[in-house]
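Here is a chain to look over, with sequence and model side by side. The questions that follow go through it piece by piece.

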Amino acid sequence: MNFKKLTGALALSAVVASSLVAADTVKIGVQAPITGKYANEGQSIENFVKLIVDEKNAAGGLLGKQIEVVTCDDEAKAQKAAVCAKKLVNEGVFAVIGSYTSGATEAAQTTYYRNKVLQTSDGTSDSLISKKYWTFFRNSFPNSSQSDFTADYFVNVKKYQRIVVLSDYSSYSAGLGDSTEASTKALGGNVIFRGKVKSGTQNFTAVLTKIKAMKPDVIYYSGYYTDGGLIRAQQEQLEIDADFVGGDSNDNPDFVKLAGKSAEGTVLINFPTPEILPYPEAKKYLAAYKARFKMDPPSIWPVTNADGLRAVIEGVEKTKSFDTKKISDYIRSTMKDFPGITGPFNIREDGERVGAKFVVYNMKNDGTKEVVK
């Protein structure tokens with residue numbers, strides 16, 4: 001950054017900080033796909049943030065100030081995410097919840113860092129931590145944690161002999177696919193094919209026909225539910241006799257809509273879904289969410305984002321400050337076993353959430369799931 005740009009960034013940070021001190025309200029941003037193919041996830045993230053904020057405001061606010069939620073729709077697109085970051089900074093937010101996808105999260109990271117705005121996301125790409133921005137912390141768990149669990153399931157539990165790993169080209173999906181391939185090979189597993197598909201293609205028969213000739217025991221897809229449901233349905237249409245295992249972002253009700261009757265027998269690897277979270281905070285907030293919005297969250301991701309917001313609020317109250325560096329230091333160094341909706345919430349010095357617990361589900365075509373591991 002040249003001197004002129006640096007001076008401008010510092011000046012903007014000073015304006016934001018002074019407005020936080022002077023105003024009767026403080027602003028928290030939501031950056032999420034409110035429209036587009038992941039809209040049900042983005043809208044639920046926004047809903048959960050508003051639920052937490054309204055509860056806090058009703059109790060007197062945050063250090064005596066009312067919280068205002070400012071939302072920007074990034075459509076899960078990197079270019080839109082970069083625009084959202086600038087918009088939310090200009091609005092004077094001190095923290096941002098989001099985004100849903102790793103790519104959109106990463107596209108906004110540098111802007112938030114330069115302006116000392118906190119950012120927490122469910123994005124699982126390992127690259128989100130690599131920049132070592134003190135402004136960022138993850139409210140989910142990284143690809144590397146999930147890939148180790150998945151590899152153990154493939155090699156030691158199911159004892160698959162011929163494994164196919166598919167992903168799309170996004171940073172999240174490709175990263176999880178690569179990490180799962182590496183973890184599987186490290187345990188002695190046989191990955192016979194590592195392929196990538198273009199998200200939104202609709203017709204995956206070409207790659208699936210190629211895979212069919214390889215006679216796999218399992219097809220693992222590390223992308224999003226919008227493609228995973230179609231891949232599963234087309235696998236069945238081509239009569240490929242192999243198990244289908246989806247990574248965490250396949251865990252969405254729309255997977256079942258897209259897969260149809262082929263959803264039956266699908267295996268999903270993810271955190272515990274909201275309805276089986278055993279924690280007191282889960283029972284409280286999920287009941288409140290359903291009462292207000294007349295539905296359950298579509299997946300675990302809006303819930304982890306709610307925990308990210310709750311951790312920020314905890315940091316403000318414990319430091320008695322809106323100084324984002326103090327809040328970040330508290331979350332990373334002092335906060336221990338914060339009682340999250342998704343379980344004990346602990347953040348490492350590098351912004352990584354630790355203590356991952358994954359489960360294996362068998363899916364039925366009515367959308368219900370059975371925990372098998």
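Q: Which cysteine is joined to Cys 72 by a disulfide?
A: This is a predicted model. The S to S distance is 2.1 Å, and a disulfide is called when the sulfur atoms lie within 2.5 Å. The partner of Cys 72 is Cys 84.

Q: Where do Cys 72 and Cys 84 sit, and how many residues apart are they?
A: The disulfide links distant parts of the chain. Cys 72 belongs to strand S2 (residues 66-73), and Cys 84 to helix H3 (residues 78-91). Their separation in sequence is 12 residues.

Q: How many disulfides does the structure hold?
A: The bond between Cys 72 and Cys 84 has been described above. The count for the structure is one.

Q: Is the disulfide of Cys 72 and Cys 84 left-handed or right-handed?
A: The torsion about the S-S bond decides this. For this pair the torsion is about -80°. The disulfide is therefore left-handed.

Q: Is Cys 84 buried or exposed?
A: Buried means under 20% relative accessible area. Cys 72, its partner, has 9% and is buried. Cys 84 has 1% relative accessibility, so it counts as buried.

Q: Why is strand S6 described as largely enclosed by the rest of the structure?
A: S6 covers residues 163-167. On one side lie Ile 163, Val 165 and Ser 167, and on the other Val 164 and Leu 166; both faces are covered. S6 is largely enclosed because five of its five residues are buried.

Q: In which sense do S6 and strand S7 pair, parallel or antiparallel?
A: S7 spans residues 191-196. Five bridges link S6 and S7. Within this pairing, Leu 166 stands opposite Gly 195. The sense is parallel.

Q: Which residue of strand S8 is the bridge partner of Val 164?
A: S8 runs over residues 218-221. It pairs with S6 in the parallel sense over four bridges. The partner of Val 164 in S8 is Ile 219.

Q: Which helix joins S6 and S7 in a β-α-β unit?
A: The unit is right-handed. Its helix covers residues 171-186. That helix is H7.

Q: Is Thr 120 buried or exposed?
A: Thr 120 is found in strand S4 (residues 118-121). Leaving aside neighbours within four places in sequence, its contacts include Val 96, Phe 137, Asn 305 and Leu 309. At 1% relative accessibility, Thr 120 is buried.

Q: How far is Thr 111 from Lys 86 in space, C-alpha to C-alpha?
A: Thr 111 lies in helix H4 (residues 102-114) and is buried at 17% relative accessible area. Beyond its neighbours within four places in sequence, Thr 111 contacts Ala 85, Lys 86 and Val 89. Thr 111 and Lys 86 are 25 residues apart in sequence. The C-alpha distance is 6.8 Å.

Q: Is the peptide bond from Gly 98 to Ser 99 cis or trans?
A: Ser 99 is in the loop between strand S3 (95-97) and H4. Omega of the bond is near 15°. The bond is cis.

Q: What is the phi of Gln 202?
A: Gln 202 lies in the loop between S7 and helix H8 (205-212). Its phi is positive although Gln 202 is not a glycine. The value is about 80°.

Q: Is Asp 337 buried or exposed?
A: Asp 337 is placed in the loop between helix H13 (324-334) and strand S11 (338-340). Its phi is near 50°, a positive value in a residue other than glycine. Exposed means over 50% relative accessible area. With 52% relative accessibility, Asp 337 counts as exposed.

Q: Which annotation covers residues 25-367?
A: Over residues 25-367 the chain is 45% helix and 17% strand. The end C-alpha atoms of this range are 42 Å apart. The name comes from an unreviewed UniProt entry: "domain: Leucine-binding protein".

Q: What is the mean pLDDT of the protein chain?
A: pLDDT stays under 50 over residues 1-11. It is also below 50 over residues 13-22, which have 12 contacts in the model beyond near neighbours in sequence. Where pLDDT is low, the predicted coordinates should not be read in detail. Across the chain, 94% of residues reach 70 or more, and the mean is 94.

Notes: Residues numbered from 1 in each chain as written. Predicted model: local features only at pLDDT ≥ 70, side-chain atom pairs only at ≥ 80, totals over all residues. Heavy atoms only, no water. Buried < 20%, exposed > 50% of the residue type's maximum accessible area, 1.4 Å probe, protein only. Helix = DSSP H or I, 4+ residues; strand = E, 2+ residues; numbered from the N terminus. Pairing = 2+ DSSP bridges. Right-handed = clockwise from strand over helix to strand, strands pointing away. UniProt positions renumbered as here; feature names shortened; annotations may be inferred. Contact = heavy atoms within 4.5 Å. pLDDT = per-residue confidence, 0-100.
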